[in-house]
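Good morning, and thank you for joining this session. I would like to take you through one structure, and I ask that you keep the view in front of you as we proceed.

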Amino acid sequence: WFIESLQSMKRISLEELVDGVGGVCFVPSVMERWRELQEFQARPDDTLIATFPKAGTSWAIEMVDVVRRGGDISGCLQIPSMMRAPFLELNPPPPFPSGQLHNQPSPRLIKTHLPFHLLPPSFVDQNCKMVYVARNAKDTAVSYFHFHRMNKKLPEPGDWNQFFDSFLTGQVAWGSWFDHVTGWWKEKNNHRILYLFFEDIKENPAREIAKLSNFLSKKLDREAVDRIIEHTSFKNMKQNPMTNFSLLPANIFDQSVSPFMRKGEVGDWKNMFTVAQNERFEKEYRQLMSDRGPSFRMEL
Ligand code: PPS
């Protein structure tokens, strides 16, 4: 049913994105569920994984899931990531046979791309743990462009030049990267939020897994940490049908256009950005990012 529900979504152009709530753009299928979404009932033991699209959501899901299982990967090898951590915005409300969030036993793992201020209020009311992963804007933009090319349910991206413009001005699904990463950053000390960076995970996964194990109160021995690093390596996740989205048909994700697990690198933007684009990006970046916001590494 999940695949069927995805299949029923129509492809639109970037211009047709719904200027949803408070200027944040969404695909129509998210806006159609907006009221139910806002009424979503979080449970105190839910763990929410929140990201701007392409920031390393699937990577974090895999890490958090295994950490919560105390380092035992067997449960992750049987069930696709999209079922283990259902996507909040596309989770159909009852009476749809969701079998997913509403019927899922606790403790649930939930994925969202919502900006903090648009979260269903119950996550804050229930004091849920939330893991936010941020990735530098340039790599995120490039990854999102390639994802638009292969994801037949996102708008047609146009060429890279057009998409670059749309990304910079926040005219993409889930809105402005700048507002997203700073919005979550401002709230990180007001709630139970662990704010991680893609670049840090890439640089030293053991260190970031230790942060997760501490945050989720799950003790892990050295072997468990090694197992998690191995299980969540780019190479393994690319080969693993439970994490590489190969179970989705080509009229949803056409992986012959660009694989979901594409490169997984820091600094790949250098292969796409022209000198002029980089100059424009840097200029706008300085204006839009405050000194008190998160600071990103564009290369390692
Ligand atoms: S989505 O669709 O928003 O949920 O996508 P998301 O999972 O956030 O982002 C996909 C990008 O993350 C990369 N990725 C990884 N990189 C390194 N190691 C691991 N294990 C890993 N898993 C996912 C994935 O390759 C996408 O980035 P790009 O740059 O396009 O390769």
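**Salt bridges, core and ligand site**

At 42% relative accessibility, Glu203 counts as partly exposed. Please keep in mind throughout that this is a predicted model.

Which residue forms a salt bridge with Glu203? The partner is Arg297, with the closest N and O atoms 2.8 Å apart. This pair links distant parts of the chain: Glu203 belongs to helix H10, residues 198–203, while Arg297 lies in the segment after H14, and 94 residues separate them. Arg297 is likewise partly exposed, as its relative accessible area is 30%.

Let me turn to helix H14 itself. Within this helix, Glu284 and Arg280 lie four residues apart, about one turn. Their side chains meet in a salt bridge, at 3.4 Å from N to O. Glu284 has a relative accessible area of 23% and is therefore partly exposed; Arg280, at 32%, also counts as partly exposed. Returning to Glu203 and Arg297, salt bridges with shared partners join these two residues with Asp200, Arg207, Glu208 and Lys211 into one network.

How many salt bridges does the count come to? The count is 18. One of them is formed by Lys138 and Glu282, whose closest N and O atoms are 2.5 Å apart. Here, too, distant parts of the chain are linked: Lys138 is in helix H7, residues 137–150, and Glu282 is in H14, residues 275–288, with the two positions 144 residues apart. Is Lys138 buried or exposed? Lys138 is buried, because its relative accessibility is 1%, which falls under the 20% limit. Glu282, by contrast, counts as partly exposed at 29%. As a general remark, side chains of opposite charge can pair when their charged atoms come close.

I now move to the interior. The largest nonpolar core has 96 residues. Which of these have the most contacts inside the core? They are Phe123, Tyr144, Trp177 and Trp184. In soluble globular proteins, nonpolar side chains tend to be buried together.

Two of those residues, Trp177 and Trp184, are buried in helix H9, which spans residues 177–187. Phe178, His180, Val181 and Thr182 are buried in the helix as well. What covers the buried residues of H9? The cover includes strands E3 (47–51), E5 (129–134) and E6 (193–197), together with helices H7, H8 (160–168) and H14. Thus H7 and H14, the helices that hold Lys138 and Glu282, both appear in this cover.

Trp177 deserves a closer look. Leaving aside residues up to four places away in sequence, Trp177 touches Phe52, Arg135, Asn136, Ala137, Thr140, Phe167, Tyr285, Met289 and Phe296. At the N-terminal end of H9, Ser176 acts as a cap, with a side-chain oxygen 3.1 Å from the backbone nitrogen of Phe178.

Finally, the ligand. It is surrounded by 22 residues, the closest being Thr57, Ser58, Ser143, Lys263 and Gly264. A polar backbone atom of Lys263 lies 2.6 Å from a ligand oxygen. In the side chain of Lys111, an N or O atom is 3.2 Å from an oxygen atom of the ligand. For Trp59, a polar side-chain atom lies 3.1 Å from a ligand nitrogen. How much of the ligand's accessible area does the protein cover? On its own the ligand has 640 Å² of accessible area, and the protein covers 98% of that.

Technical notes:
Residues are numbered from 1 along each chain as its sequence is written. This is a predicted model: local features need pLDDT of at least 70, side-chain atom pairs count only at pLDDT 80 or more; totals for chains, interfaces and linings use all residues. Side-chain values use heavy atoms; hydrogens and water are left out. A nonpolar core is a set of buried Ala, Val, Leu, Ile, Met, Phe, Trp, Tyr and Cys residues joined through side-chain atoms within 4.5 Å. Buried means under 20% relative accessible area, exposed over 50%, partly exposed in between (1.4 Å probe, protein chains only). Contact means heavy atoms within 4.5 Å. A salt bridge is a side-chain nitrogen of Lys or Arg within 4 Å of a carboxyl oxygen of Asp or Glu. A residue is near a molecule or strand if one of its heavy atoms lies within 4 Å of it. A polar contact is a pair of N or O atoms within 3.5 Å; within protein, one must be able to donate a hydrogen and the other to accept it, and residues adjacent in sequence count only if both atoms are side-chain atoms. Accessible areas come from the Shrake-Rupley method with a 1.4 Å probe; for residues, only the protein chains shown count as cover.
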